[in-house]
Amino acid sequence: MSIEGHSNAPGAKMIVEHYCEHRQADGTGCKEWGGWGHSPSPAVPTRWWCFVHFPHKSYEQEQALRRKLEAAEGGKIIQ
């Protein structure tokens with residue numbers, strides 16, 4: 001795989017790792033990968049959360065997560 005034609009702009013080839021921004025009541029943070037980002041506009045920096053803590057889920061996403069968590073408690077595996 002070649003990188004010819006890719007940007008040479010400063011920071012263009014930099015990898016940024018995002019972790020979940022959720023904080024517990026005791027101040028400890030979530031250790032999960034923050035793959036779900038949200039920003040209300042391009043002028044506002046993006047905030048990142050794991051799917052469990054992402055506050056902007058749709059109703060359908062909430063229900064699917066709830067079913068997955070309930071199945072995990074019962075020993076079933078749902079992908």
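Here are some notes on this predicted model, point by point.

1. Confidence. Let me start with how far the prediction trusts itself. Mean pLDDT for the protein is 82, and 87% of its residues reach 70 or more. Of the secondary-structure elements, β1 has the lowest confidence, with a mean of 85, while β2 has the highest, at 90.

2. Overall layout. The protein has 1 helix and 2 strands, and along the sequence they come in the order β-β-α. The chain counts 79 residues, and 13% of them are buried. Its accessible surface is about 6,800 Å², with carbon and sulfur atoms contributing 56% of that area. If we take the contacts between residues at least 6 apart in sequence, 19% of them join residues at least 24 apart.

3. Aromatic pairs. Rings are a good place to look next. There are 4 aromatic pairs in the model. One of them brings together Tyr-19 and Trp-33: the ring centres are 5.7 Å apart and the planes meet at 85°, so this pair is edge-to-face, the cut-off being over 60 degrees. Both Tyr-19 and Trp-33 sit in the segment before β1, and they are 14 residues apart. Tyr-19 is partly exposed at 42% relative accessible area, and Trp-33 is partly exposed as well, at 45%.

4. A tilted pair. Another pair worth a look is Trp-36 with Phe-54, which is tilted, at 5.3 Å centre to centre with 45° between the planes. Trp-36 belongs to strand β1 and Phe-54 to the loop between β2 and α1, so the pair ties together parts of the chain 18 residues apart in sequence. The two partners fall in separate burial classes: Phe-54 is buried, at 7% relative accessibility, whereas Trp-36 is partly exposed, at 34%.

5. The aromatic cluster. Trp-36 and Phe-54 are also members of one aromatic cluster, together with Trp-49 and Phe-51. Trp-49 comes up again under Gly-35, and Phe-51 under Lys-57.

6. Lys-57. What surrounds this lysine, which is found in the loop between β2 (47-49) and α1 (59-73)? Leaving out residues up to four places away in sequence, Lys-57 touches Phe-51, Val-52, Glu-62 and Leu-65. Is Lys-57 buried or exposed? With a relative accessibility of 12%, it counts as buried, because the cut-off is under 20%. The Lys-57 side chain reaches two backbone oxygens: that of Phe-51 at 3.0 Å and that of Phe-54 at 2.9 Å. Lys-57 also lies over the face of Phe-51, at 5.2 Å from the ring centre. Phe-51 thus meets Lys-57 through its backbone oxygen and through its ring, and both Phe-51 and Phe-54 are part of the cluster in point 5.

7. Gly-35. Which residues does Gly-35 touch, not counting those up to four places away in sequence? They are Trp-48 and Trp-49. Gly-35 is placed in the segment before β1 (36-38), and its C-alpha atom is separated by 6.4 Å from that of Trp-49, a residue 14 places along the chain. Gly-35 counts as partly exposed, at 43% relative accessibility.

8. Where to look. If you open the model, you could begin at the cluster of Trp-36, Trp-49, Phe-51 and Phe-54. From there, Lys-57 can be found over the face of Phe-51, and Gly-35 can be found in contact with Trp-49.

Notes:
Residues are numbered from 1 along each chain as its sequence is written. This is a predicted model: local features need pLDDT of at least 70, side-chain atom pairs count only at pLDDT 80 or more; totals for chains, interfaces and linings use all residues. Side-chain values use heavy atoms; hydrogens and water are left out. Buried means under 20% relative accessible area, exposed over 50%, partly exposed in between (1.4 Å probe, protein chains only). A polar contact is a pair of N or O atoms within 3.5 Å; within protein, one must be able to donate a hydrogen and the other to accept it, and residues adjacent in sequence count only if both atoms are side-chain atoms. Contact means heavy atoms within 4.5 Å. Helices (H or I, at least four residues) and strands (E, at least two) are DSSP runs, numbered from the N terminus. pLDDT is the predictor's confidence in each residue, from 0 to 100. Accessible areas come from the Shrake-Rupley method with a 1.4 Å probe; for residues, only the protein chains shown count as cover. Rings of Phe, Tyr and Trp (its six-membered ring) pair if their centres lie within 6.5 Å; planes under 30 degrees apart count as stacked, over 60 as edge-to-face and the rest as tilted. A charge sits over a ring if NZ of Lys or CZ of Arg is within 6 Å of the ring centre and within 35 degrees of the ring normal.
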